[in-house]
Amino acid sequence: MNATAVVINLIYFLALAPFLEGVMRKVTARIQSRQGPPLYQPYLDLLKLLGKENLNAAGHPVFRLAPLLAFASVLSAVALLPLAGWSSFLAHSSDLMTLIYFLTLSGFSILIGALASGNPFASVGASREMMTIIMLEPVLAMTLILGVVSSGSLSLLPATAGVSATRGFSYFLMMAVYLVALQAFVSRQPFDIPEAEVEILEGPYVEYSGPNYALFRYTLNLKRMFYSWLFVVGFLGFLLPEGPVLNLVIQTGLVLVLFVLISVVGATHPRFRMDQALKFYAGLVMLSLLAVGLRVKGW
Amino acid sequence: MTGNDGFWPGLLSLLLSFLVTIFLGKKARPVRLAGTILISLSCFFLAWQGVMVLGGGHPVELEIKIAGLHIPVLLDGLSALFLILLSVLVLSATLFAYGYYEKTEAETLQKVYLALPVFVAGLVGLLTVDDLGPGFALAWQLMAVSSYLLVRWGRPAAVSTRPALVYLAFMESAWLLITGAAFLADGYRFGDSLATVGEKLSGSGPAAAAVFFGLLLLGFGLKTGLFPLGQLWIPGAYSTASPPVSALLAGILEKTGVFGLIRIFFFVARGAGDGFDPGLWGQVLVAAGTLTLFIGTVQAIKQSDYLRLLAYSSIGQVGYIVFALGSSLLAWNSGSPLAISLAGVIFTGAVYHSLNHGIFKGLLFLTGGSLLYATGTRDLNRLGGLLPVMPLTGILAALASYSIAGMPASSGFVSKWLMIAGNFLAGKDSLLLTLAGIVALFTAAFTLACYVKFFGLAFTSAGASWKLKKDVKEVPASLLVPEFFLVAFCLSQAFLPGLYLRLIGRSLVTTDGFLLAGSSAEIPGTNLTGIQILEGPALLAAAAPLAMLVLLLVLTLLARWLRQSAGAKEVRVPVWLCGYQDLNENNVYADRNMFSDLKKFFRWTGANKNMVVDDEELAGSVPGEGKGVSL
């Protein structure tokens, strides 16, 4: 494989991620008996934000660096993915731990940017965001480790394929856990606690505006798409055909379906409090530990 | 008996430093100057000795005769490696101390410079002495008593007497456990070399051998800080000693404990033959290590005193090393060829992490020292927004925090990757190893949270401008230079892992009696190619963090281009608080509120008491309620 696979990865995610937000907004609006914005509205929003003034409340480089790093690290994670069953060009120098750490790095950049802004609302948001990362990163890790246990390799292609290699009890348990956690991965209700617009004013992003905020929005969109993509490729990977083009088309379709599901759940559930959510996440972690344990035992 | 040209001059200049300090008495500046020069000199000699052993490829054996006692001294590859780490850390801590002790009164200064060379000599002894009898006792006592005194003199007596005494008590009990355990070997003579102890152990029955290994694990576990033993003395001692000394305590004293564990479980164990059950001890080490790394790191999150935070996090990081040592034993014991070569990878990771942790924890304690020097407080609740005032210290703290959190393209990433990846692949059929690996991976996020808190609330955020009574300035160059020296090592460990892997391989080849001998740890990069850790050339992920850095940089440039694509201008604005008021002392976010729900959730892990007492409060110059805000 050559470097074009990386470019295709990047283009596919960059092009499609805002559209998926459009789907989310449309579905949410329909559930709330509204017309909703057109599906291409998020692209317009990004363009509009890019043309605005960049307000800087902190006056030091960390504040400016944070959105760049958040965007770049989530894109780095995307660049490593085995899209449509091809191994990325970068697979030689990366594996699932690199992927997990890149995702953590992107979360970390959001927090450090929030703390840098000096705004107490942002700090509350940062504190909640970090707690969410701590409690949810293991679910993501354990999903992939399920694949490692089956395939015996830490490379992304065999590890993602390995998740659905044996579809026993551990597979269904982990799938259920991942579906619930997905709502928190993409920070929609009932788990949009770090942002919580009506409570802490979008938390970490309160001081960000203009192009900096556009980058954060884009980061969030990319992340949402990544987590849904991982569900499709990990748990439903065995359904996907061999041919790369057809594979990609079906993948995209399944991701869209998943987004509709996320939007429906998001629009019909009220938000948890942080302490309630922590207990909930702890339950998810325990269940996924159980799933990994079952997989080790061959179930 | 050749090849020890650096060893004696090194020890001699430490002795000289001790004598000169006595001679100079209360003259503050000459004492500092002479101490710094002589201790630094000894570091050069010791590092040279280490390099010579590794370069020559032959262990050096010596025998010291004092008052009828024979002390075997062994300078092999492993000692050489740790000796080099020791020299680097002692050199930077000594240089740092020169600037740090500038305002210390002459009396304390003389005492500190009397204890420091003795402490270093004790550490050198622990790394080189090859027995569990007289030589070990001598080295241990030099180390324990001098570091007790250094802890005791680190802060005013009101707060330092108790932690210092606790420290001494645990060090002495660890010594009793270790020295006493040797008598379990059948026909043991006080003063036998370690290899002899191992051989005699093989003939003394499985029960005696099991008790021997148990006692040594307890003894060295006390020293490295295994849960729950470490919690008893480490936080008190590390946060009481002055920061340059804490850098040595966390950077190298703790590593001599790791060194002891490696010596016992990977060298003496080989001699013990059937008396040593690798399956059992591997499980014990994995369980103890995993528990330690999780509990230690969670406890670190709860601390508002940043020196205590660093101390608890040291416990957590040592947990990683012990976990990896155990996992390596289990992989080796499992018998499949793949797992045996992975045992080498995991072991290499553990040694790599020891070197890494020595460097970045040393650096973190030095930057902590800079913070204390500049602000006079150890309370994160009172700091915030220091990056514009102390930019260089801030960058150094950021780099060290980034490395210890194990983010991609950092030294922590390389070593954690080796340990955890090896563990997963070797242990995919073992429930214990898989679960321990998950906990280790999971704890990385806690480590990150800890250091986001440390860096975020000290250097970014806001608060110090209201809560501190003095003007904060960047620390002088004398404090910054040794920190930059360490950061250079830290970065080289991140970007030249191939070099360090070779160094570790070389040191294991130069060490006789290695349990895993024949497995891949000895020559990493050559016979690891059979391992399918990755597609393509194995170990490249560890050897090519540069590729990841380039990827990240290119995409950052893309993001930068995107941000500028519409020519947006930057405008400086005040912080927005819904338009009702400005940011002030009463509405900044204090450290005690950070992660409050998580802290409550993990109350059961202990160390919940979070009181910070500054030296100036002891003197009574600042009232207690001036600290922080209560929301």
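B:Gly368 is found in helix α13 (residues 337–375) of chain B, where helices (H or I, at least four residues) and strands (E, at least two) are DSSP runs numbered from the N terminus. With 27 C-beta neighbours inside 10 Å, B:Gly368 counts as buried; a residue is buried if 20 or more other C-beta atoms, placed from the backbone, lie within 10 Å of its own, exposed if 12 or fewer, and partly exposed in between. Leaving aside its neighbours within four places in sequence, B:Gly368 is in contact with B:Pro243, B:Tyr306, B:Leu307 and B:Leu310, contact meaning that the C-beta atoms of two residues, placed from the backbone, lie within 7 Å. The C-alpha atoms of B:Gly368 and B:Leu329, 39 residues apart along the chain, are separated by 36 Å.

This is a predicted model, in which local features need pLDDT of at least 70 and side-chain atom pairs count only at pLDDT 80 or more, while totals for chains, interfaces and linings use all residues. Residues are numbered from 1 along each chain as its sequence is written, and chains are lettered from A and ligands numbered from 1 in the order in which they are written.

Chain B is divided into domain 1 (1–205) and domain 2 (570–626), with bounds that come from an automatic or database domain assignment. The C-alpha centres of these two domains of chain B lie 40 Å apart.

Between the chains, 67 residues of chain B are in contact with 71 residues of chain A. The elements of chain B that give two or more residues to its side of this interface include α15 (411–426), α21 (545–564) and β3 (570–572), and α16(B) gives the most, with twelve residues. By class, the side of chain B that touches chain A has 47 nonpolar, ten polar and ten charged residues; Ala, Val, Leu, Ile, Met, Phe, Trp, Tyr, Cys and Pro count as nonpolar, Asp, Glu, Lys and Arg as charged, and the others, Gly among them, as polar.

Strand pairing, which requires that DSSP finds at least two bridges between two strands, is set out in the table.

| Strands | Bridges | Direction | One bridge pair |
|---|---|---|---|
| β1 (residues 54–56) of chain A and β3(B) | Three | parallel | A:Leu55 and B:Val571 |
| β1 (residues 60–66) and β2 (residues 69–75) of chain B | Seven | antiparallel | B:Ile64 and B:Ile71 |

β1(B) and β2(B) form a hairpin with two residues between them, and B:Ala67 in the turn has a positive phi of about 45°.

Helix α5 (residues 134–152) and helix α6 (residues 157–181) of chain B pack at an angle of about 170°, with their axes 8 Å apart; axes are lines fitted to C-alpha atoms, for helices over the stretch in contact, and angles run from 0 to 180 degrees between N-to-C directions. α5(B) and α6(B) are therefore roughly antiparallel to each other, since angles under 35 degrees count as roughly parallel, over 145 as roughly antiparallel, 65 to 115 as roughly perpendicular and the rest as oblique. Among the residues that meet are B:Trp140 and B:Tyr148 in α5(B), and B:Tyr167 and B:Trp175 in α6(B). By class, this contact has twelve nonpolar, three polar and two charged residues.

Two loops deserve mention. The peptide bond from B:Phe227 to B:Pro228 is cis, with omega near 0°, and B:Pro228 lies in the loop between α8 (205–224) and α9 (229–240) of chain B. In chain A, A:Ser33 lies in the loop between α1 (4–31) and α2 (41–50) and has a positive phi of about 55° although it is not a glycine; A:Ser33 is exposed, with 6 other C-beta atoms within 10 Å.
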